[in-house]
Structure formats: structure tokens, C-alpha cells
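Student: Please take one helix of this model and go through it closely, then place it in the rest of the chain. A connected account would suit me better than a list.

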Amino acid sequence: MKASSLLLCLTIAYSGYSHADESIHSQFKIVYQQYLDAQQQGKGKGAEDKAEQAYLLGKQIYGDKSDNTANLAINYANELHQYPAENKQKRFTLFEQAYTILAANHPASSIELIDALLGMATNTDSVNRADALYKQVIEIAAVQKVPKLVADMKLAAAQGLAYGFQGKKYNQAKRYLLEADEFYSQNLPENSVERIKADFLVAAFAEGKRQYSKAIERLNRVVSVFDDALSFDHETELSAHSKLVHLYEKTGKSDEATKHCLAIAKMVPWQENQQQTPLYRQEPNYPDSKARFRQDGSVQMEFDVNTAGFVKNITIIKSEGGEAFEQEAIKAMEKWRYAPKFEDGKAVVAKAQVQLDFKIGR
């Protein structure tokens, strides 16, 4: 819904300003265009600064009761996502101000309210308030009698409730997700953005309930979109492969994980002196003999990542705390998986290092 508020604001920004100071309006036009340019170029901080300036200037031009001011507030709030935690309250306040204006200018069932309501729902710390706001959004969508909009709002609610509140509204989120997923499965192609998002969330729900086969099935469906040479986001494809590596290793299916390790390696350009990042890691057990006396330790190791992404030939470079830590560190490392290094289009063996720290709470 973000784009609609931008377009609305852009189309009406040049009308209704006869009582505003001409210099302020001229400045607003320049700043607003700079904001749009920065947003298109992906300049996060630049877009945020220009969105704030446009909001403050627009407020002088249009006043505190105009839809224009509300939409400018929404634009600014949306740009504050670069720093989620520290800007959460600020975003909520901006969305709330926008909603107050829009609710006074439009009926309670108006589609114009959706952006502000969604923004409030995703930035409140109250799970009950978020739940109520999502219900309001879904009710507005239902009034519009556009089934896809209803499904989209249910997916947004499922994502917000699932990821934002540690499972406190798990059943509600799952119900929304299943309803949205059913609509998408029956009405949208497999490579649609909405189906991909639903597949990821269904997989996350399934993994949380240890339904690993179901999670793997959904993520493999995502991967198949790319295997069929359908266009989609690079980061999404990487994420699907990475999650499959984790799930296959978690379920003891290392051979199945290998093709996804290789797929990731082919997608990510290799940089010289780059440290490889594990796709799957298992934490070492804390030795009983050390835990009993609350002893800490560390183990630094060097090893090969072979052409399938397995860890081989582990050697101890340095350790503190004794042999028991070394043994547990090696046992854990033998279960890690990496994307292998690629040279000239082929997987090759590469050296890597890692340090595992053993610290017991006191």
C-alpha cells in the first residue's frame, strides 16, 4: 500500500496551496522530488531525510487536517524502517497521526485508512492492540469486495502477529495464513510474490512445530520457481536455499543439503580473503568436567571446506581450557555445512578458520 500513498501525495501536491507561502511551496516541490529520486535509487538515509523534510514542509502548506499531510506522514514513517528498534515509537506516532486525519476525512470502511492502520499494527508493542488493528484492516478489505485484497491483508496480519509477538497470537496468525494461502493457491500462479511469501511463512510455522517435512516441501516449492527460470528476487532465492540446508542437516539428510550448498555458492560472487559463513552450525556440548567447575575455554581451528561444503581436516591452532574443549569443538565442527568456494565455475577446496568460545553463566 506504500506506493499508493506516494502517488496520491504526488498528484495532489501541486493544488490547494493558494494560501501558502510561494517559497515554501517551491521548496516543497524540490524536496519531494528529491525524496522520490532517493527512494528509487535505494538511498535509505537520503530518502529518510528528504521524506522528513517533505513532511514538515507539506504540513505548513496543507495544515493538520489534510489527506496530503497524512500521506506525507506515512511516507516518512515508512522510510524510518532502516533502524527498526530505535524508530519504532516514532513510526507508530506518525502512523497514528495519519490515521487520525484520514479517519476524520473518510468513512470507517474506507480503503484510505489501510496504510495507517497497518503501520500502527506493525509498530505497537501491544499484541492485543495489533490484533485489533489487523482485524480492522481485514474488515475494511472485506467491505471493498476484492478477495485478493482480503487475502493480502490476512497475510500481512499473519506475518505481523507471527514475527512481532513471540507466538502470543499463534492460532490467530496461523488461521489468517491458512486462509490467505488457500486463496493464493487457487487463484495465483506459483511464481507470484504473494505465494512465495505465503510459502515462506507456512514453512516457518511448520518448522516451529517441528513439522520439518512440511517446511521442506514448501521451501522446495519456492526453489522450483527459480529452477524453472522464472524471474524473482535474488535474496529470496538465497534465503530459500539457506533454509533448506539448515532443515536437511537438522533432519540428518546431508546429501539432500549438498545441492543447496552448491546453489548458494554459484549465486554468491567469491571475494578474495573472504571468510566463509556457515549455512548450518551445531553448537558444541559443554564438557561436564568443565561445567562442574564453571570453567571457560576457547578453541581456534583451521579446516578445509570441501567441494560439497563439508568440513574436513580440522586442526587446532590455539586453545584455552584443555583437551575436553578441543574434543567437543571438533565434534561440533564436523557437522557444520558451508557453501563451497567456486573458481572458474567449479567448486574447489578452501581453507577456513573459526573460533568457538565456551562460556558458562555465572
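Tutor: The helix to look at is α10, whose buried residues are Glu194, Arg195, Ile196, Ala198, Asp199, Phe200, Leu201, Val202, Ala203, Phe205 and Ala206. The model is a predicted one, and what follows is computed from its atoms. Helix α10 covers residues 193-208, which is 16 residues. From its first C-alpha to its last it reaches 23 Å, close to the 22 Å expected at 1.5 Å a residue. After α10 comes Arg210, whose phi is positive, near 60 degrees.

The buried residues of α10 pack against four helices: α8 (147-164), α9 (170-187), α11 (212-227) and α12 (234-250). Contacts with α11 can be followed through Arg221, which is found in that helix. Leaving aside neighbours within four places in sequence, Arg221 is in contact with Arg195 and Asp199, and also with Asp181, Ser185 and Glu190. Arg195 and Asp199 are both among the buried residues of α10. The C-alpha atoms of Arg221 and Asp199 are 7.8 Å apart in space, with their positions 22 residues apart in sequence. Arg221 itself has 23% relative accessibility and therefore counts as partly exposed, since buried would require under 20%.

Another residue of α11 is Asn220. Not counting residues up to four places away in sequence, Asn220 touches Leu244, Tyr248 and His260. The C-alpha atoms of Asn220 and Ala240 are separated by 7.8 Å, although the two residues are 20 apart along the chain. Asn220 counts as partly exposed, at 24% relative accessibility.

Next, the enclosed space beside α10. The structure holds 1 cavity of 30 Å³ or more. About 70 Å³ of space lies in the largest cavity, which is lined by Tyr170, Lys174, Leu177, Leu178, Val202, Phe205, Ala206, Lys209, Gln211 and Lys214. The elements that give two or more residues to this lining are α9 and α10, and the largest share, 4 residues, comes from α9. Val202, Phe205 and Ala206 in the lining also appear among the buried residues of α10. Two other lining residues, Tyr170 and Lys209, are linked by a charge over a ring: the charged end of Lys209 sits over the ring of Tyr170, 4.7 Å from its centre.

Helix α10 also has a part in an open space. The largest pocket holds about 750 Å³. It is lined by 28 residues, of which Leu118, Thr122, Tyr134, Ala156 and Gln159 are the closest to its centre. The elements that give two or more residues to the lining are α4 (67-79), α5 (84-105), α6 (114-123), α8 and α10. Of these, α8 gives the most, with 9 residues. Thus α8 both packs against the buried residues of α10 and contributes to the lining of the pocket.

Two of the other pocket helices can be described further. In α6, 9 of the 10 residues are buried, and the helix is mostly covered. The buried ones are Ile114, Asp115, Ala116, Leu117, Leu118, Gly119, Met120, Ala121 and Asn123; Leu118 is also one of the residues closest to the pocket centre. In α4 lies Thr69, which is buried, with a relative accessible area of 3%. Apart from residues up to four places away in sequence, Thr69 touches Tyr55, Gly58, Lys59, Tyr62, Gly63 and Ile101. One of these contacts, Tyr62, belongs to an aromatic cluster in which ring pairs link Phe28, Tyr32, Tyr35 and Tyr62.

Aromatic pairs number 11 in the structure. One of them joins Trp336 and Tyr338, with 6.4 Å centre to centre and 35 degrees between the planes, and is tilted. Both rings belong to buried residues: Trp336 is at 1% relative accessibility and Tyr338 is at 2%. Arg337 has its charged end over the ring of Phe310, 3.6 Å from the ring centre.

For the setting as a whole, the protein chain has 15 helices and 5 strands. Buried residues make up 45% of its 362 residues. Among contacts with a separation of 6 or more, 65% are between residues 24 or more positions apart.

Technical notes. Residues numbered from 1 in each chain as written. Predicted model: local features only at pLDDT ≥ 70, side-chain atom pairs only at ≥ 80, totals over all residues. Heavy atoms only, no water. Expected span 1.5 Å × (residues − 1). Buried < 20%, exposed > 50% of the residue type's maximum accessible area, 1.4 Å probe, protein only. Contact = heavy atoms within 4.5 Å. Phe/Tyr/Trp six-rings, centres within 6.5 Å; stacked < 30°, edge-to-face > 60°. Lys NZ or Arg CZ within 6 Å of the ring centre and 35° of its normal. 1 Å grid on protein atoms, 1.4 Å probe; cavity = no way out; pocket = protein on both sides within 12 Å on 5 of 7 lines; lining within 4 Å. Points joined across faces, edges and corners; volume = space filled by probe spheres on them.
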